[in-house]
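Subject: A structure for you to look at

Hi there,

Here is the structure I promised to pass on. Please open it next to this email, and then read on for what turned up in it.

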Amino acid sequence: MRLRIVLGVLSAATVLTAGSPSPAQAAGGPPRLGWELKETGVGARLRGLSPVSRDVAWVSGSEGTVLRTTDGGRRWENVSPSGAEGLQFRDIEAFDARRAVALSIGEGEDSRVYRTEDGGRTWAETFRNDEPRAFYDCLAFFDARHGLAVSDPVDGRFRVLATDDGGRSWRVLPPDGMPEALPGEAGFAASGQCLVTAGGRNAWLATGGAARARVFHSADRGRTWTVADTPVPAGDPARGVFGLAFRDRHHGLAVGGDYQAGRPSPDAAALTGDGGATWRPAGAPPPAYRSGVAWLPYPPFAAVAVGPSGSDVTWTGGRTWETFDGGSFDTVACARDGACWAAGEQGRVARLRLT
């Protein structure tokens, strides 16, 4: 969606700090959450995020920026691809401290994929879009070999790339298995979460900009898809589902709303328990537009959502949300070892603290 390049910019606010245990904690209630900011030294807006562990994380964003830390965020190394200063790296997927794949968005040749195998010291451009109508938004991997990238519709259907060699090469999948797009329907390159995976074969694609906000699902690594409506606000180019998270092939969360500053976004969260076949609204959603969401590795049914106006947590699998921070972030993700990270405007990166 062309409006995604000018997604509204809001100022960062305060960061929650942890204090003494609350009465709820003392009584065995949920933990308290707070973001611990990590100074990156850059001013780029960082919408791509891929944490590998508590120590290792990659982020990417505007001005061709790619950063990497291997010491928990104490130091950040600028590992941006050479000559990419004019690109917008809106998504990045890292396999470990050395291997990562980054996606730049945009019309025509601005949509590219880069891969590194040496911690970002060198990058290989492994895909450059040659279809002027295509605009790639997100990429996601099932494992270290198999992955997908998705573009806004071309000839009425979302366009899907696939790789089976870890991003070294890509091929366009046949469009026959993709349902037709609605007029104006597109993806949002806001958090790297318009395309997500769970397990070895399931993928989900979030959309907006049309009369209905929808989620597409593939159970065969992108060859065929089904689609379902969501209750997330739609009917405007700035509204729809911006971020998805699935903790398994059944349980998923969707967040979004209206990204334009000053416009209300009620009911901007939904949940599914059947793999995205049906979606129901959150009973108590976040109070405003949210662009990113991630399941917490612990406790069960907990997740965090982020956006320019704050962060929220659910302890009920997405049925109810409560705000715990007022700072600005665009994306959030958790590593296999339980460490959760967030990133956003003005080079903001933080790691979640539970007390």
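Let me start with one residue: V255 is buried, with a relative accessible area of 0% (buried means under 20%, exposed over 50% and partly exposed in between, with a 1.4 Å probe and protein chains only). A word on the background: this is a predicted model, in which local features need pLDDT of at least 70 and side-chain atom pairs count only at pLDDT 80 or more, while totals for chains, interfaces and linings use all residues. Residues are numbered from 1 along each chain as its sequence is written, and side-chain values use heavy atoms, with hydrogens and water left out.

Back to V255, which lies in strand 19, residues 252–258. Strands here are DSSP runs of E with at least two residues, and helices are runs of H or I with at least four, numbered from the N terminus. Leaving out residues up to four places away in sequence, V255 touches G240, V241, F242, G243, A268, A269, R290, S291, G292, V293 and A305 (contact means heavy atoms within 4.5 Å). A270 is 15 residues from V255 along the chain, with 6.6 Å between their C-alpha atoms.

Next comes E185, in the loop between strand 13 (171–172) and strand 14. E185 also counts as buried, at 4% relative accessibility. Its side chain makes a polar contact of 2.6 Å with that of T207 (a pair of N or O atoms within 3.5 Å; within protein, one must be able to donate a hydrogen and the other to accept it, and residues adjacent in sequence count only if both atoms are side-chain atoms). Beyond its neighbours within four places in sequence, the contacts of E185 include P153, F158, R214 and F216.

Now to the sheets. Strands 14-15-16-17, in that order, form an open sheet with antiparallel pairing (two strands pair if DSSP finds at least two bridges between them). Strand 14 (195–198) and strand 17 (226–229) each have a single partner strand, so one side of each has no neighbour in the sheet. Strand 15 (202–206) and strand 16 (214–218) are joined over 4 bridges, and A203 stands opposite S218.

Another open sheet of 4 strands has the order 1-28-27-26, again antiparallel. Its edges are strand 1 (33–38) and strand 26 (331–334). Strand 1 pairs with strand 28 (349–354) over 6 bridges, with L33 and L354 as bridge partners.

Enjoy exploring!
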